[in-house]
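Let's walk through this fold together, starting from one residue and working outward. Have the chain open in your viewer and follow along.

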Amino acid sequence: MTAFSGNWFHRRSARRKAAAEAYRGLLRHALEPDFYLSGGVPDTFEGRAGMVTVLTSLACARLSRIDGPEPARLILRIDELVLDGFDAAYREKGVGDASIARKVRKLAQGHAGLGKALFAALTGAEGAEPVDAILRRNGVARPDQAGALAESLRAISACLAQQPDSEILQGRFNWIGASAGQSAAQP
């Protein structure tokens with residue numbers, strides 16, 4: 001029995017709970033200092049937003065490997081939470097209401113473009129650009145660090161692939177265990 005069995009209301013409630021759990025975990029991991037101190041990610045608002053997008057792509061790639069309609073619904077809900085989080089972050093920065101929609105739209109477009117490219121690369125889509133090239137081109141990592149960050153992301157992806165689908169569908173991505181794999185993958 002999965003977290004999404006039962007009637008429509010309970011499935012929707014379980015999905016919201018799972019998406020919230022996934023979002024909290026990926027946000028917490030995206031803000032880990034290692035990415036910014038030694039991972040080559042600029043410690044800026046845009047750099048942090050880029051890491052949120054990168055980890056969202058990892059989560060979505062993992063969810064896409066699970067059969068059925070529920071993973072796609074969960075992907076959409078996680079993405080909504082990420083975009084709501086961008087809006088909230090701008091508000092916390094004190095961006096005025098007059099310009100917030102434009103700024104969030106621009107950030108959302110970048111999130112969608114980067115996310116789509118990373119998703120294709122992480123899922124092995126034919127003709128997909130290499131992860132390090134995507135990170136470099138989008139300014140997620142300094143050019144000299146993009147390869148190392150890409151290798152770390154591959155290690156995180158491999159670690160997440162080892163988790164049971166039932167945990168993933170509950171939003172329990174093991175970012176901590178993935179971090180251990182990340183450290184081992186770096187020279």
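Start at Ala 146, which touches Asp 132, Leu 135, Arg 136 and Ala 141, leaving aside anything up to four places away in sequence. What you're looking at is a predicted model, by the way. Ala 146 sits in helix α7, and because its relative accessibility is 0%, it counts as buried. Now look for Gly 40: it is 106 residues away from Ala 146 along the chain, yet the two C-alpha atoms are separated by just 7.2 Å.

Slide along α7 and you'll find Ser 157 in that helix too. How does Ser 157 count at 15% relative accessibility, buried or exposed? The cut-off for buried is under 20%, so at 15% Ser 157 counts as buried. Ser 157 also has a partner from far off in sequence: Leu 58 is 99 residues away along the chain, but 6.3 Å away in space, C-alpha to C-alpha.

That pair belongs to a helix-helix contact. On the α3 side, Met 51, Val 54, Leu 58 and Arg 62 meet Leu 149, Leu 153, Ile 156, Ser 157, Leu 160 and Ala 161 of α7. The axes of α3 and α7 come within 10 Å and cross at roughly 35°, and the crossing is right-handed. Keep the helical repeat in mind when you read lists like these: an α-helix has 3.6 residues a turn, so residues three or four places apart point the same way.

Let's stay with α3 and turn to its other neighbours. The axes of α3 and α5 come within 9 Å, crossing at roughly 40°. That makes α3 oblique to α5. Here, too, α3 passes α5 in a right-handed crossing. Among the α3 residues in this contact are Phe 45, Ala 49, Thr 53, Thr 56 and Cys 60, and the α5 residues they meet include Leu 107, His 111, Leu 114 and Leu 118.

Then there's α4. Its axis and that of α3 come within 10 Å and cross at roughly 170°, so α3 and α4 are roughly antiparallel to each other. From α3, the contact is made by Phe 45, Ala 49, Val 52, Thr 53, Thr 56, Cys 60 and Leu 63; from α4, the residues involved include Pro 71, Leu 74, Ile 75, Ile 78, Val 82, Phe 86 and Tyr 90.

Now take α4 on its own. Its 24 residues should span 34 Å at 1.5 Å a residue, and with the end C-alpha atoms 35 Å apart, that agrees. The buried residues of α4 include Leu 74, Ile 75, Ile 78, Leu 81, Val 82 and Phe 86, but also Glu 70 and Arg 77. After α4 comes Gly 94, with a positive phi near 90°.

Do the same for α5, which runs over residues 97-122: those 26 residues should span 38 Å at 1.5 Å a residue, and the end C-alpha atoms are 36 Å apart, which agrees. Buried in α5 are, among others, Ser 99, Ile 100, Val 104, Leu 107, His 111 and Leu 114. What covers the buried residues of α5? The cover includes α3 (45-63), α4 (70-93) and α6 (131-137). Just after α5 you meet a glycine again, Gly 124, which takes a positive phi of about 75°.

So where do the nonpolar residues gather? The largest nonpolar core has 51 residues, and those with the most contacts inside it are Met 51, Leu 63, Leu 135, Leu 149 and Trp 175. At least two residues of this core come from each of α1 (8-30), α2 (33-37), α3, α4, α5, α6, α7 (146-161) and α8 (165-169). The largest share is from α3, with 10 residues. Click on Met 51 to see how it connects: beyond four places in sequence, Met 51 touches Ala 30, Phe 35, Tyr 36, Val 41, Val 140 and Leu 149.

Finally, zoom out to the whole chain. There are 9 helices and 0 strands. Of the 187 residues, 43% are buried. Among contacts with a separation of 6 or more, 62% link residues 24 or more positions apart.

Methods
Residues numbered from 1 in each chain as written. Predicted model: local features only at pLDDT ≥ 70, side-chain atom pairs only at ≥ 80, totals over all residues. Heavy atoms only, no water. Helix = DSSP H or I, 4+ residues; strand = E, 2+ residues; numbered from the N terminus. Expected span 1.5 Å × (residues − 1). Buried < 20%, exposed > 50% of the residue type's maximum accessible area, 1.4 Å probe, protein only. Contact = heavy atoms within 4.5 Å. Core = buried A, V, L, I, M, F, W, Y, C linked by side-chain atoms within 4.5 Å. Axes fitted to C-alpha atoms, helices over the stretch in contact; angles between N-to-C directions. Parallel < 35°, antiparallel > 145°, perpendicular 65-115°, else oblique. Left-handed = near helix turned anticlockwise from the far one by under 90°.
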